[in-house]
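Me: Could you go through this structure with me, a bit at a time?
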Amino acid sequence: MAANSSNGEHQSPSKSPPLPSPLRFSKFFQSNMRILVTGGAGFIGSHLVDKLMENEKNEVIVVDNYFTGSKDNLRKWIGHPRFELIRHDVTEPLLVEVDQIYHLACPASPIFYKYNPVKTIKTNVIGTLNMLGLAKRVGARILLTSTSEVYGDPLIHPQPETYWGNVNPIGVRSCYDEGKRVAETLMFDYHRQHGIEIRIARIFNTYGPRMNIDDGRVVSNFIAQALRGEPLTVQKPGTQTRSFCYVSDMVDGLIRLMEGENTGPINIGNPGEFTMLELAETVKELINPKVEINMVENTPDDPRQRKPDITKAKELLGWEPKVKLRDGLPLMEEDFRLRLGVSKEN
Ligand SMILES: NC(=O)c1ccc[n+]([C@@H]2O[C@H](COP(=O)([O-])OP(=O)(O)OC[C@H]3O[C@@H](n4cnc5c(N)ncnc54)[C@H](O)[C@@H]3O)[C@@H](O)[C@H]2O)c1
Ligand SMILES: O=C(O)[C@H]1O[C@H](OP(=O)(O)OP(=O)(O)OC[C@H]2O[C@@H](n3ccc(=O)[nH]c3=O)[C@H](O)[C@@H]2O)[C@H](O)[C@@H](O)[C@@H]1O
């Protein structure tokens, strides 16, 4: 498998990729694909695990430190012969024989990644180094879930992958956005220097069932508030925009990227763009028309606009999102109602 990107944007690595584990050639080898998912007990990770486990040829190993994830998200797979769950922090080295690594481990909600910023940056830098070291050792292909936050408060709109971003290197969000930028750099350095097969997804705001109820991100906040009959907290000015991708579309895009021939980075997101006030109005209309909308203070460096240019994903992966916001919100509402114990009649 050629390690250079077929989109021709990046130079070829000087060395060819290391061979897969010798076990792959032994007479005992079964044609299973052994896949490691770091952060697999989290929101996107657990949906990815569900999809990977649907394929009977896959064995899935999850490592997670449960900082924001939960075993509960994986309960249907615990005890399954093709599934293994390991409590492990990616800032420590890990030795497992795998063919693919989906590297998601990292707190993603601003309230969690700002809670212990030094740990967040260690997770992004040391965690990614450890996973790249593992990929190099066993010859695995590795996919990093990077973020639209690498574009910072973008001055170009919508954001194509060629945009280098507008990021504050010393702000309260830097542990996350600069951390992911270093993680991307490490991925390309390992690719060029050691021939590792890499894939980089730049994920834009994703929502869906299993988000933490008190996660702090806007969609989960608004849905939980609407169900509890509390005012929806729109952070000022409310005209800032985001583009929301339903989690099943996201998982589909990640798997296509992993299985395809392009290193990326590739934006994976839904280009439908909404102001936070529009989102609040939509949640109010769909879930609880009685709730108020309250304007509250914002946090520093909040990006004013965000919308993915997904031309590359369409052309190179044949991918585009299918689920519209108005169709995805009720699916998430259903899950939140169950977990909050709020029935439809209330
Ligand atoms: N959801 C989004 O909108 C979004 C957008 C852009 C990028 N991403 C990226 O996607 C990935 C998953 O995000 P999510 O929304 O599912 O978040 P999440 O918080 O639900 O999941 C992250 C998982 O990583 C685990 N984790 C955190 N630090 C770890 C460490 N040091 N060692 C091992 N495990 C650790 C957490 O316990 C959790 O299970 C993250 O890398 C995030 O940066 C998400
Ligand atoms: O998609 C991305 O790349 C990044 O997006 C998010 O970061 P952010 O867009 O700031 O996510 P939210 O915390 O959900 O905020 C979105 C917008 O909603 C606003 N907001 C948030 C919460 C709230 O209660 N009310 C509210 O108006 C914020 O001010 C912000 O403008 C995620 O949390 C990151 O993990 C991810 O990497």
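Reply: We can take the cysteines, then the nonpolar cores, then a record annotation. This is a predicted model, in which local features need pLDDT of at least 70, side-chain atom pairs count only at pLDDT 80 or more, and totals for chains, interfaces and linings use all residues. Residues are numbered from 1 along each chain as its sequence is written, and side-chain values use heavy atoms, with hydrogens and water left out.

Me: How many disulfides does a search of the whole structure find?
Reply: The search finds zero disulfides, a disulfide being a pair of cysteine sulfur atoms within 2.5 Å.

Me: Why is there no bond for Cys175?
Reply: Because the closest cysteine sulfur, in Cys106, is 8.2 Å from that of Cys175, which is too far for a bond. As for Cys245, the nearest cysteine sulfur is again that of Cys106, 18 Å away.

Me: And is Cys245 buried or exposed?
Reply: Cys245 counts as buried because its relative accessibility is 0%, where buried means under 20% relative accessible area, exposed over 50% and partly exposed in between, with a 1.4 Å probe and protein chains only.

Me: New topic: which residues have the most contacts inside the largest nonpolar core?
Reply: They are Val37, Val49, Tyr102 and Tyr207, in a core of 58 residues; such a core is a set of buried Ala, Val, Leu, Ile, Met, Phe, Trp, Tyr and Cys residues joined through side-chain atoms within 4.5 Å. A second, separate core has 25 residues, including Ile61 and Leu186.

Me: What does UniProt place at residues 36–330?
Reply: An unreviewed UniProt entry places the feature "domain: NAD(P)-binding" there, and such annotations may be inferred rather than shown by experiment, with positions given in the numbering used here and feature names shortened.

How values were computed: Chains are lettered from A and ligands numbered from 1 in the order in which they are written.
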